[in-house]
Amino acid sequence: MKKLAIISTHPIQYNAPWFQLLAQRQIIDIKVFYTWSQAESVVDDKTFGQQITWDIPLLEGYNYEFVTNKAKQPGVERFYGIDCPDLINSITTYKADAILVFGWNFKSHFKVMRYFKGKIPVWFRGDSTLLDEVAGLKTKLRRLVLTRVYKYIDRALYVGEANKAYFLKHGLKESQLVYAPHAIDNKRFNDDAIKQYDKSAKQWRLDLGISKDDLVVLFAGKFETKKQPDFLLNALIKANKNRTNALQLILVGDGPLAKELKTQASGYDFITFIPFQNQTKMPLVYRLGDVFCLPSKGPGETWGLAVNEASSCERASIVSNKVGCAEDILNSGNNGWVFNNETQLINILQSLTKEKLQVAGKNAQKSIKDWSFEAIVTAIETELIHGK
């Protein structure tokens with residue numbers, strides 16, 4: 001059985017399930033080497049401003065090792081925050097047939113790419129795009145640096161069209177690209193007679209003072225500048241001035257903009273705040289809304305997996321054109337909407353009806369089924385067994 005070494009900083013709720021699936025299928029053997037050993041049990045999330053322990057199992061069902069990180073200032077915010085002197089030796093001992101590296105911008109990850117290039121196939125997983133690029137000298141210099149970085153990889157597992165364009169722009173050839181779509185655990189977010197997510201969410205809405213007839217726009221994520229919850233709040237206030245039935249807005253999360261948002265919302269009875277919710281609650285959270293909105297601006301919203309989650313919960317999405325998944329997932333007017341500016345967002349919000357959103361939500365759930373963990377692991381298995 002061929003072996004794949006996977007290099008990642010720490011357990012992530014979007015990756016661990018497909019690591020588990022790869023191990024469960026037993027077509028290839030995997031071992032995950034986690035390089036941020038300080039995050040083995042708790043992640044110090046600086047944007048949320050709290051330590052987070054996920055309430056779903058992320059270290060079960062697959063082989064893994066936490067490699068000691070000896071960085072003086074450990075973390076994922078800086079290149080030298082991941083420094084694992086024993087990592088290369090650990091991978092060598094495992095006798096991998098290929099290596100999959102998540103992120104090049106850490107000291108030890110980059111060393112792995114350089115060391116193993118030409119010895120065994122080096123694969124790379126990242127979701128960067130060109131959506132936020134601004135012409136200028138800094139962009140030209142960055143292009144030169146990244147083109148040099150990606151010479152150390154043999155294959156890139158791209159997540160969607162915007163990500164594919166990014167890799168092609170930085171020197172990779174079409175033959176080096178393997179499609180492995182960004183995905184979430186669709187089954188965990190789908191409802192059934194046992195879970196009764198819809199029923200529980202309806203009761204939660206009532207407890208919040210929101211009736212079944214109210215039309216709710218939901219934002220769930222970090223209250224930070226990049227994600228623009230303040231932009232959404234302001235647009236919704238403007239949209240309500242021209243609606244006979246005011247939209248409700250629910251903002252779920254926390255972050256540096258929390259105080260500013262609550263001040264901005266003061267005096268409006270159609271805005272509700274809910275604190276950060278852990279993973280087991282998210283299938284209910286998305287169902288609080290009739291539509292999900294991710295109004296992010298660049299840089300950094302390279303995909304937007306919350307859109308996958310909302311779609312699995314039978315909710316359409318409204319996203320900005322700076323969200324990486326927009327080109328792949330959203331068919332405007334069918335399962336969601338894409339906007340370029342505030343005027344377009346206001347027009348979309350003003351046009352929303354229960355009937356329109358019910359149809360779009362069903363379409364969203366149907367269309368997201370192709371973005372699955374099965375698609376990711378099949379691509380990896382095929383490449384390891386049959387790839388050159």
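Helix α8 lies across β10, β11, β12, β13 and β15, and it runs at about 170° to β11. Lying across rests on contact, that is, heavy atoms within 4.5 Å. Angles run from 0 to 180 degrees between N-to-C directions of axes fitted to C-alpha atoms, for helices over the stretch in contact. Helices (H or I, at least four residues) and strands (E, at least two) are DSSP runs numbered from the N terminus.

This is a predicted model, in which local features need pLDDT of at least 70 and side-chain atom pairs pLDDT 80 or more, while totals for chains, interfaces and linings use all residues. Residues are numbered from 1 along each chain as its sequence is written, and side-chain values use heavy atoms, without hydrogens and water.

**Exercise 1. Describe the sheet that contains β10, and state which strands stand at its edges.**

Step 1. Establish the order. The strands follow one another as β12-β11-β10-β13-β14-β15, in an open sheet of six strands with parallel pairing. Two strands pair if DSSP finds at least two bridges between them.

Step 2. Find the edges. Strands β12 (271-274) and β15 (336-339) pair on one side only, which makes them the edge strands. From one strand to the next the twist averages 20°.

Step 3. Examine β10 (residues 216-222) and its partners. With β11 (residues 248-254), β10 shares seven bridges in the parallel sense. In this pairing K222 is opposite D254 of β11. With β13 (residues 291-294), β10 also runs parallel, here through two bridges. Two facing pairs can be named on that side: V217 stands opposite V291, and L218 stands opposite F292.

Step 4. Assess the cover. Six of the seven residues of β10 are buried, so that the strand is mostly covered. Buried means under 20% relative accessible area, exposed over 50%, and partly exposed in between (1.4 Å probe, protein chains only).

**Exercise 2. Describe the sheet that contains β1, and explain why β5 and β9 are edge strands.**

Step 1. Read the order. In this open sheet of seven strands with parallel pairing, the sequence of strands is β5-β2-β1-β6-β7-β8-β9.

Step 2. Explain the edges. Because β5 (64-66) and β9 (177-179) each have a single partner strand, one side of each is left without a neighbour in the sheet. The twist from one strand to the next averages 20°.

Step 3. Inspect the pairing at β5. Strand β2 (residues 29-34) joins β5 in the parallel sense over three bridges. Here V32 faces Y64 of β5.

Step 4. Place the helices that cross this sheet. Helix α2 (residues 87-94) lies across β1 (3-8), β2, β5 and β6 (98-102), at about 170° to β2. Helix α15 (residues 373-386) lies across β1, β6, β7 (122-125), β8 (155-158) and β9, at about 165° to β7.

**Exercise 3. Find the buried residues of helix α3, and state what they pack against.**

Step 1. List the residues. In α3 (residues 107-116), the buried positions are S108, H109, F110, V112, M113 and F116.

Step 2. Identify the partners. These buried residues pack against the strands β1, β6 and β7 and the helices α2 and α4 (137-149).

Step 3. Look beyond the helix. Just after α3, G118 adopts a positive phi of about 90°.

**Exercise 4. Is S8 buried or exposed, and which residues does it touch?**

Step 1. Locate the residue. S8 belongs to strand β1.

Step 2. Apply the cut-off. The relative accessible area of S8 is 2%, and S8 is therefore buried.

Step 3. Name the neighbours. Leaving aside residues up to four places away in sequence, S8 touches F33, Y34, T35, F102 and H109. H109 is itself one of the buried residues of α3.

**Exercise 5. State where E77 lies and how far it is from N105.**

Step 1. Locate the residue. E77 is in the loop between β5 and α2.

Step 2. Classify it. With a relative accessible area of 45%, E77 is partly exposed.

Step 3. Give both separations. E77 and N105 are 28 residues apart in sequence, and their C-alpha atoms are 9.6 Å apart in space.

**Exercise 6. Summarise the protein as a whole.**

Step 1. Count the elements. The protein has 15 helices and 15 strands.

Step 2. Give the dimensions. Along the principal axes, the C-alpha atoms fill a box of roughly 65 × 55 × 40 Å.

Step 3. State the burial. Of the 388 residues, 54% count as buried.

Step 4. Consider the contacts. Among those between residues at least 6 apart in sequence, 72% join residues at least 24 apart.
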